[in-house]
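Here are some exercises to work through with the model open beside you. Try each task before you read its solution.

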Amino acid sequence: MNHKKVERMYYRDEGLSLRRRRRKKLAAVPRVARPRPTHPGRCYALSGILDRLFLTRPLPETLILDNGPEFAGTVLDAWAAQHGMHPHFIQPGKPIQNAFIESFNGKLRDECLNEHWFLTLQEAQLVIETWWREYNEERTHSAIGDVTPRSSLLTITTGPS
């Protein structure tokens, strides 16, 4: 019997549980400093169905991602490479590096999701779509010069009027 078995038996007899050692997670790709966007449409934080989203918007050079399991696979890497985009992973545990989407997620949660009790998927889709349209097409945002995101995007794609 070695010391590890004795320790396990002692812990079991005393009703204690052994601490499990956590494996260190390794990054899938090297982490580098986040590029600063110079104008809208330059890079996107991932939130949504990408193929459908980019039917109506220009493809970004960079996708800013957190380290969630939904972004750890090779499928997203292959999709980004196929479309000529570069995924950029923020540092683990540093949501402030992805502040734009974190701010949006907080507003969505506070102003829409926490205000409604959804009984069906269709009801949730309708309410969220209504909130999203108001957020993008009616509400002005001070960060982009007190205009709506929709009118800001139209100005960028068509030029100043």
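**Exercise 1. Place Met9 in its helix, and find the surface patch to which it belongs.**

Step 1. Met9 sits in helix H1, residues 3-13; helices here are DSSP runs of H or I with at least four residues, strands are E runs of at least two, and both are numbered from the N terminus. The model is predicted, so local features need pLDDT of at least 70 and side-chain atom pairs pLDDT 80 or more, while totals for chains, interfaces and linings use all residues. Residues are numbered from 1 along each chain as its sequence is written, and side-chain values use heavy atoms, without hydrogens or water.

Step 2. Met9 has 31% relative accessibility and counts as partly exposed. (Buried means under 20% relative accessible area, exposed over 50%, and partly exposed in between, with a 1.4 Å probe and protein chains only.)

Step 3. Met1, Val6 and Met9 make up a nonpolar surface patch with about 320 Å² of accessible area together. Such a patch takes residues with over 30% relative accessible area and no salt bridge, and joins nonpolar side chains (Val, Leu, Ile, Met, Phe, Trp, Tyr) within 5 Å, or like charges within 9 Å. The areas come from the Shrake-Rupley method with a 1.4 Å probe, and for residues only the protein chains shown count as cover.

**Exercise 2. Describe the overall fold pattern, then the unit that contains strand E2.**

Step 1. Count the elements: the chain has six helices and three strands, in the order α-β-α-β-α-β-α-α-α.

Step 2. In strand E2 (residues 62-65), Thr62 and Ile64 point one way and Leu63 and Leu65 the other, and all are buried.

Step 3. E2 runs parallel to strand E3 (residues 86-89), joined by four bridges; strands pair if DSSP finds at least two bridges between them. Leu65 has Phe89 in E3 as its bridge partner.

Step 4. Add helix H3 (residues 74-82): together with E2 and E3 it makes a right-handed β-α-β unit. Right-handed means that, with the strands pointing away from the viewer, the path from the first strand over the helix to the second runs clockwise.

**Exercise 3. Which residues of H4 are buried, and how far is Leu108 from Trp132?**

Step 1. H4 covers residues 99-111 and reaches 18 Å from its first C-alpha to its last, close to the 18 Å expected; the expected span is 1.5 Å times one less than the number of residues.

Step 2. The buried residues in H4 are Ile101, Phe104, Gly106 and Leu108.

Step 3. Trp132 belongs to helix H5 (residues 121-138) and is partly exposed at 33%. The C-alpha atoms of Trp132 and Leu108 are separated by 8.4 Å, with their positions 24 residues apart along the chain.

**Exercise 4. Trace the salt bridges of Glu111 and Arg133.**

Step 1. The whole structure holds four salt bridges, each a side-chain nitrogen of Lys or Arg within 4 Å of a carboxyl oxygen of Asp or Glu.

Step 2. Glu111 pairs with Arg139, their closest N and O atoms being 2.6 Å apart. Glu111 lies in helix H4 and Arg139 in the loop between H5 and H6, so this pair ties together parts that are 28 residues apart in sequence.

Step 3. Arg133 bridges to Glu129 at 3.0 Å and to Glu137 at 3.5 Å, N to O. Glu137 and Arg133 both lie in H5, four residues apart, about one turn of the helix.
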